[in-house]
Structures are given as structure tokens and as C-alpha cells.
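Student: I would like to go through this model and ask how each descriptive term is earned. Could we take the helix packing, then the metal sites, then the backbone?

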2 protein chains.
Amino acid sequence: MRRPAQTSRAAGAPARGAEQSESSEKKLFVDFLLDKNLKLTRQREAVVDEIFGGSGHFEAEEIVQRLKLNRSRVSRATVYRTLELLLECKLVERLELGGTGSYYEHVHPGEHHDHLICTQCGNVIEFHNEKLENMQAEICNNFDFQETHHSLRIFGLCSKCGQIPQ
Amino acid sequence: MRRPAQTSRAAGAPARGAEQSESSEKKLFVDFLLDKNLKLTRQREAVVDEIFGGSGHFEAEEIVQRLKLNRSRVSRATVYRTLELLLECKLVERLELGGTGSYYEHVHPGEHHDHLICTQCGNVIEFHNEKLENMQAEICNNFDFQETHHSLRIFGLCSKCGQIPQ
DNA sequence: ATTGAATATGAGACTAAATCTCAATTATAA
DNA sequence: TTATAATTGAGATTTAGTCTCATATTCAAT
Ligand SMILES: [Mn+2]
Ligand SMILES: [Mn+2]
Ligand SMILES: [Zn+2]
Ligand SMILES: [Zn+2]
């Protein structure tokens, strides 16, 4: 399985205009930092700018490299530390796509999607289905389980790869 | 989060008597091996016996250790290699419970369940919901996606941990 | 039985991702 | 200023898992 980490955005998981969200989400992050007596440093800002400015699924090391090329130098340790903070305040999610390491993605508050992962070509399709979400909530309810988050990954062959019989 | 890897079996994901299944599933494995011109060696047999004899979620290293204590010595490499084979023929599934490494579990052919994972105490609850499964199939259908397998993990606080407000 | 080819194993080297350490730096408040 | 807390980066360390390769085993064909 290749890992090109391509991402298809499905109807139902629409792209949000980056204009409004980027700055307001950055504010959410800053508030989160202030709340914990943490500072918005040059390095942290570079990391969030890079992440909020881009799109799709990415690896931690990718951010290190992109920053190295484009703007300021930020150490791997700081990138990981900043990702940890972004996870904590729910502006970033971690995802395991079946390979070795973790991928991350920028999440817009209140939005959520799950993933179809092609094990042949690495294509990742995002989808959202409210009925499915509701059923999950019902299941949690039945078990008196207080969900914080979930991850549904469906592995298989995308439409393109399914044509060619294996 | 502790990692005691306790497992609660929910109604709807009932335990199957080990009597009948264990031997017949072992036969499935042997047939699978023969089919690929692989041999049922002393070591491979020790690994499957250990796995099919036990229950719940376990780590690879756990199998190495259990075998070291109880019966034959099998190298880590061979345990990993045998797990790979068991995954391939679908008698074992790999699962990521949020910690560092992977867990595995023995799966009975045709059965399937998903997991509620308590991030507080590590308790893992298994559940199965046919309606949910059907909806997933429908989604795959919509995307012309041929599913091979999926993994739904719901993280949060179990009934016990949810009582004590964090 | 002997041989030869294919298959399997184990010890330990190796890898990759992520975390940790700690000395040096920077921010903030008194 | 000075003290305190927060932050950083370089590189060491950890961990889970994979890989290598010399040796051993299996099995079918003589
Ligand atoms: Mn996504
Ligand atoms: Mn399970
Ligand atoms: Zn594909
Ligand atoms: Zn719990």
C-alpha cells in the first residue's frame, strides 16, 4: 500500500472557506494557551499557521520539513509538543491510516467526519453520516458510556481500485 | 490511562463455547497454511494454541512471555510472523486501543464487534449492532467502495468512571 | 537412506516514530 | 532588576516492530 495521503472530500463533508475560520480558530488556540498560562511563541505560531493554512492529512515530520523550507525553523520536539496542545483543544485530530506512524488533520470546531481508506492506492475518502452518528450516541447511551470522541475507519478498495479485480 | 486490557463482553457479543470452535478454527488455520505451502510447525502450533486457548485482547509480547513460561520457547520474530499469518486468514484482528502499541484478539469466523474504550480505567467494552453495520455497508455502497474490514472505536468514560466527575 | 530444494527459525542488529533530558533562552510578574 | 515559570532545541533514549542471515527442519524425489 502506497501512502500518498491523498484526500477526497465527499459531499456531506464540505470544505469550509478558510477565510473566516482560520483566524477565529487561531484565536481559540490562543485563548486555550492563555487559559493554561502558556504563551503564543514564534514557534507555536509557525506550527499552527502551517497547519491551519494547509489542508488534508499530514504527518508530524511533514510539518517540520515544510517549516524548514518555508519559514522559521522549529524543532521536531516543539512540533510534537504543539500538536499535543492542538489535540487537547480539539483543533487537530490524530488518525491512524493503517501504516506505521500517525497522521493528523486540522478539524474545524463542530465538524466531524470519518474515513474510507483504500488499502490499494492509499486514497482516503472523508464522509459524514448523521444517522450513523446518532446510532453511535444511542449505543453509548445504552452502556452508560460518556463518549469524548470516536474513530470509524473503513478499509477496502476504492472505486478506482475495485475495478481492476485483484 | 492504565492499560489493564480488561474486557467486558456485552450482550449481543456473546462468548462462544471454546469446545467446538477451537479445533475447527485451528483446522481453518492449517488449511490456510497448506494452501500456501506453509507448514504447521511446533512453533506455529504453540502460538495458535496459546491464542485460541485464551481470550480477550493481548499484545504480541504477551504471547512470547506466556509461551516462555508455560510451554515451548518461541522467538519474538516467529510470534510476529505467526500473528501476520493469523491476520491474513482473519482468525486474528489487530486493534489500536489508544496506547503505544497494537493489541490483537482472536476472532471467531463470521463474528464481529466494535469497541468502547474507557480512557480513564482502560476498560474495553465490546458491542455489536447490526443496524450500524448495515449503515456502514450502505455508505460503502454509495462510494462504490469495497470494504474488507473496518474498525469503530468509541473513546470516553465507562459507566464506572463517568460517575466520578473529572 | 540420501539428497536437494523449499521453508522455518532464532539471535540479535536494525529502523522509525515518538518521547525524554537538560542546559540554555525567553517571557512575565514582583 | 531579579526571581520564577515557561519554552526551546539538540541529541539521547525508548519502544514496537522488522529485517538479516546462518542454521535447522521438512518433505518429496531419487
Ligand atoms: Mn480526514
Ligand atoms: Mn474485542
Ligand atoms: Zn484505491
Ligand atoms: Zn472506566
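Tutor: Happily! Let us begin with a definition: axes are lines fitted to C-alpha atoms, over the stretch in contact for helices, and angles run from 0 to 180 degrees between N-to-C directions. Bear in mind that this is a predicted model.

Student: With that in hand, what makes helix 5 of chain A roughly antiparallel to helix 5 of chain B?

Tutor: The axes of helix 5 (residues 130–142) of chain A and helix 5 (residues 130–142) of chain B come within 10 Å and cross at roughly 160°. Angles over 145 degrees count as roughly antiparallel, so the pair of helices is given that name.

Student: What is the handedness of that crossing, and which residues make the contact?

Tutor: Helix 5 of chain A passes helix 5 of chain B in a left-handed crossing. Chain A contributes A:K131, A:L132, A:M135, A:Q136 and A:I139, and chain B contributes B:K131, B:L132, B:M135, B:Q136 and B:I139. Sorted by class, the residues of this contact are 6 nonpolar, 2 polar and 2 charged.

Student: Why is helix 3 of chain A called oblique to helix 4 of chain A?

Tutor: Here the axes of helix 3 (residues 60–70) of chain A and helix 4 of chain A come within 9 Å and cross at roughly 125°. Roughly perpendicular covers 65 to 115 degrees and roughly antiparallel begins over 145. The crossing angle of roughly 125° fits neither class, which makes helix 3 of chain A oblique to helix 4 of chain A. Their crossing is right-handed.

Student: Which residues meet there, and how do they divide by class?

Tutor: From helix 3 of chain A come A:A60, A:E61, A:I63 and A:V64, and from helix 4 of chain A come A:R76, A:V79, A:Y80 and A:L83. That contact has 6 nonpolar, no polar and 2 charged residues.

Student: How do you know that helix 3 of chain B and helix 4 of chain B are oblique to each other?

Tutor: Helix 3 (residues 60–70) of chain B and helix 4 (residues 76–88) of chain B pack at about 125°, with axes 9 Å apart. Set against the cut-offs of 115 and 145 degrees, that angle makes the two helices oblique to each other. Helix 3 of chain B passes helix 4 of chain B in a right-handed crossing. The contact involves B:A60, B:E61, B:I63, B:V64 and B:L67 of helix 3, with B:R76, B:V79, B:Y80 and B:L83 of helix 4. These residues divide into 7 nonpolar, no polar and 2 charged.

Student: On to the metals. What makes the site of the zinc ion (ligand 3) tetrahedral?

Tutor: Its protein donors are the SG atoms of A:C118, A:C121, A:C158 and A:C161, lying 2.2 to 2.4 Å from the ion. Four donors count as tetrahedral if all angles lie between 85 and 135 degrees. Angles of 104 to 114° among the 4 donor atoms meet that test, and the site is tetrahedral. In sequence, the donor residues are spaced C-x2-C-x36-C-x2-C.

Student: Why, then, is the site of the manganese ion (ligand 1) called irregular?

Tutor: The protein donors of this ion are A:H57 (NE2), A:E105 (OE), A:E105 (OE), A:H113 (NE2), A:H115 (NE2) and A:E126 (OE), at 2.1 to 2.7 Å. For six donors to be octahedral, donors that are not opposite must be between 65 and 115 degrees apart. The angles among the 6 donor atoms run from 52 to 169°, and the site is irregular. A:H115 lies in strand 5 (residues 114–118) of chain A and A:E126 in strand 6 (residues 124–127) of chain A, so the pair ties together parts 11 residues apart in sequence.

Student: What makes the arrangement around the manganese ion (ligand 2) irregular?

Tutor: The 6 donor atoms subtend angles of 51 to 170°, which makes the arrangement irregular. The donors follow the spacing H-x47-E-x7-H-x1-H-x10-E along the chain.

Student: Finally, what is notable about the phi of A:K90 and of A:D144?

Tutor: Most residues other than glycine have a negative phi. A:K90, in the loop between helix 4 and strand 3 of chain A, has a positive phi of about 65° although it is not a glycine. A:D144, in the loop between helix 5 and strand 7 of chain A, has a positive phi of about 55° and is not a glycine either.

Definitions and conventions
Residues are numbered from 1 along each chain as its sequence is written. Chains are lettered from A and ligands numbered from 1 in the order in which they are written. This is a predicted model: local features need pLDDT of at least 70, side-chain atom pairs count only at pLDDT 80 or more; totals for chains, interfaces and linings use all residues. Side-chain values use heavy atoms; hydrogens and water are left out. Helices (H or I, at least four residues) and strands (E, at least two) are DSSP runs, numbered from the N terminus. Angles under 35 degrees count as roughly parallel, over 145 as roughly antiparallel, 65 to 115 as roughly perpendicular and the rest as oblique. A crossing is left-handed if the near helix is turned anticlockwise from the far one by less than a right angle, and right-handed if clockwise. Contact means heavy atoms within 4.5 Å. Ala, Val, Leu, Ile, Met, Phe, Trp, Tyr, Cys and Pro count as nonpolar, Asp, Glu, Lys and Arg as charged, and the others, Gly among them, as polar. Donors are N, O and S atoms within 2.8 Å of the metal (3.2 Å for Na, K and Ca); water is not among the atoms, so sites may look incomplete. Four donors count as tetrahedral if all angles lie between 85 and 135 degrees; four count as square planar and six as octahedral if opposite donors are over 155 degrees apart and all others between 65 and 115; anything else is irregular.
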